[in-house]
Amino acid sequence: MRIGYGFDSHAFKRGVPLRIGGLSIEHHSGLAGHSDGDVLLHAITDALLGAVSAGDIGTFFPPNDPRWKNADSSIFLKTALEEIATAGYRIGNIDTVLVLAAPKIVPIAGDIRARVAELLGLKPGDVGIKAKTPEGLNQDNVAVAYATVLLEPLKEPESTVKAVAAADLESEMDEVVKSLVNNVHDTSALGKKSTPFDTDDLT
Ligand SMILES: [Zn+2]
């Protein structure tokens, strides 16, 4: 298994649409950024890329590239999912923390969780969305997101496959030994002189 960790922050800006976790949220301000400023999807994207040591969001989508102006951040997430699949992994579960003064996340946390799960191809139960207000941090005009992911291998590791094969072989040998022992018992059941059981006879 592998773990990944991601962080992102964006400043609030009046009159810009607010996108968090792939959802459009009613608010007087949105998050300023070259793309749609989706702080949560950016943190998750970085956690995924980091888990397979594939760089970060800026490596794939440089902020000075005009193609990513106002881009839907789910594109970044999709690329990160392709990277982990190419590396031979899939997501086990994911946990996140949002830190922002407003809007209140609790009433919409379920919707954000469902949307993030959908974008990642996970069950909502495999996605954690937690929100905190930035008490004492003096950053009420900023939204911050942290994300941790756990990746599982798509296939069983080679060593596990070998161990299972060895165990199968062992149980096959047990069967052979058992049938030889039974043969010895069968001959005695036919009324012949009972042969004392001797393990040397089985070699
Ligand atoms: Zn960002």
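## Exercise 1: A covered helix

In helix α1, Val39, Leu40, Leu41, His42, Ala43, Ile44, Thr45, Asp46, Ala47, Leu48, Leu49 and Ala51 are buried. Keep in mind that you are working with a predicted model. Your task: work out how much of α1 is covered, and check its span.

**Solution.**

Step 1. Start with the cut-off: a residue is called buried when its relative accessible area is under 20%.

Step 2. Turn to the count for the helix. Of the 13 residues in α1, 12 are buried, so the helix is mostly covered.

Step 3. Now check the span. Allowing 1.5 Å a residue, we expect 18 Å for the 13 residues of α1. To get this, multiply 1.5 Å by one less than the number of residues. The C-alpha atoms at the two ends of α1 are 18 Å apart, which agrees with the expected value.

Step 4. Finally, look just past the helix: Ser53 has a positive phi of about 55° there.

## Exercise 2: The zinc ion

Your task: find which residues coordinate the zinc ion, and say where His10 and His42 sit in the chain.

**Solution.**

Step 1. List the donors. Asp8 (OD), His10 (NE2) and His42 (ND1) coordinate the zinc ion at 2.0 Å.

Step 2. Read their spacing along the sequence, which follows the pattern D-x1-H-x31-H.

Step 3. Place the two histidines. His10 belongs to strand β1 and His42 to helix α1 (residues 39-51); they are 32 residues apart, and the pair links distant parts of the chain.

Step 4. Are these histidines buried or exposed? His10 has 12% relative accessibility, so it counts as buried. His42 has 7%, so it counts as buried too.

## Exercise 3: Three salt bridges

A search of the whole structure finds 7 salt bridges. Your task: examine three of them, the pairs Arg67 and Asp65, Glu152 and Arg90, and Glu118 and Arg115.

**Solution.**

Step 1. Recall the idea behind such pairs: side chains of opposite charge can pair when their charged atoms come close.

Step 2. Take Arg67 and Asp65, whose side chains meet at 2.9 Å, N to O. Arg67 is exposed because its relative accessible area is 61%, whereas Asp65, at 15%, counts as buried.

Step 3. Next come Glu152 and Arg90, with their closest N and O atoms 3.4 Å apart. Glu152 lies in strand β7 (residues 142-153) and Arg90 in strand β5 (residues 89-99), so this salt bridge ties together parts 62 residues apart in sequence. Glu152 is partly exposed at 28%, and Arg90 counts as partly exposed at 41%.

Step 4. Move on to Glu118 and Arg115, which meet at 3.0 Å, N to O. Both lie in helix α4 (residues 109-120); because they are 3 residues apart, about one helical turn separates them. An α-helix has 3.6 residues a turn, so residues three or four places apart point the same way. Glu118 is exposed, with a relative accessible area of 56%, while Arg115 counts as partly exposed at 25%.

Step 5. Add the network: Arg19, Asp36 and Asp72 are joined into one by salt bridges that share partners.

## Exercise 4: A nonpolar patch

Your task: name the residues that make the nonpolar surface patch of about 320 Å², then describe Tyr5.

**Solution.**

Step 1. The patch is made by Tyr5, Phe7 and Tyr146.

Step 2. Locate Tyr5: this residue lies in strand β1 (residues 2-14).

Step 3. Apply the cut-off for exposed residues, which is over 50%. Tyr5 has a relative accessible area of 54%, so it is exposed.

Definitions and conventions:
Residues are numbered from 1 along each chain as its sequence is written. This is a predicted model: local features need pLDDT of at least 70, side-chain atom pairs count only at pLDDT 80 or more; totals for chains, interfaces and linings use all residues. Side-chain values use heavy atoms; hydrogens and water are left out. Patches are made of residues with over 30% relative accessible area and no salt bridge: like charges are joined within 9 Å, nonpolar side chains (Val, Leu, Ile, Met, Phe, Trp, Tyr) within 5 Å. Accessible areas come from the Shrake-Rupley method with a 1.4 Å probe; for residues, only the protein chains shown count as cover. A salt bridge is a side-chain nitrogen of Lys or Arg within 4 Å of a carboxyl oxygen of Asp or Glu. Helices (H or I, at least four residues) and strands (E, at least two) are DSSP runs, numbered from the N terminus. Buried means under 20% relative accessible area, exposed over 50%, partly exposed in between (1.4 Å probe, protein chains only). Donors are N, O and S atoms within 2.8 Å of the metal (3.2 Å for Na, K and Ca); water is not among the atoms, so sites may look incomplete.
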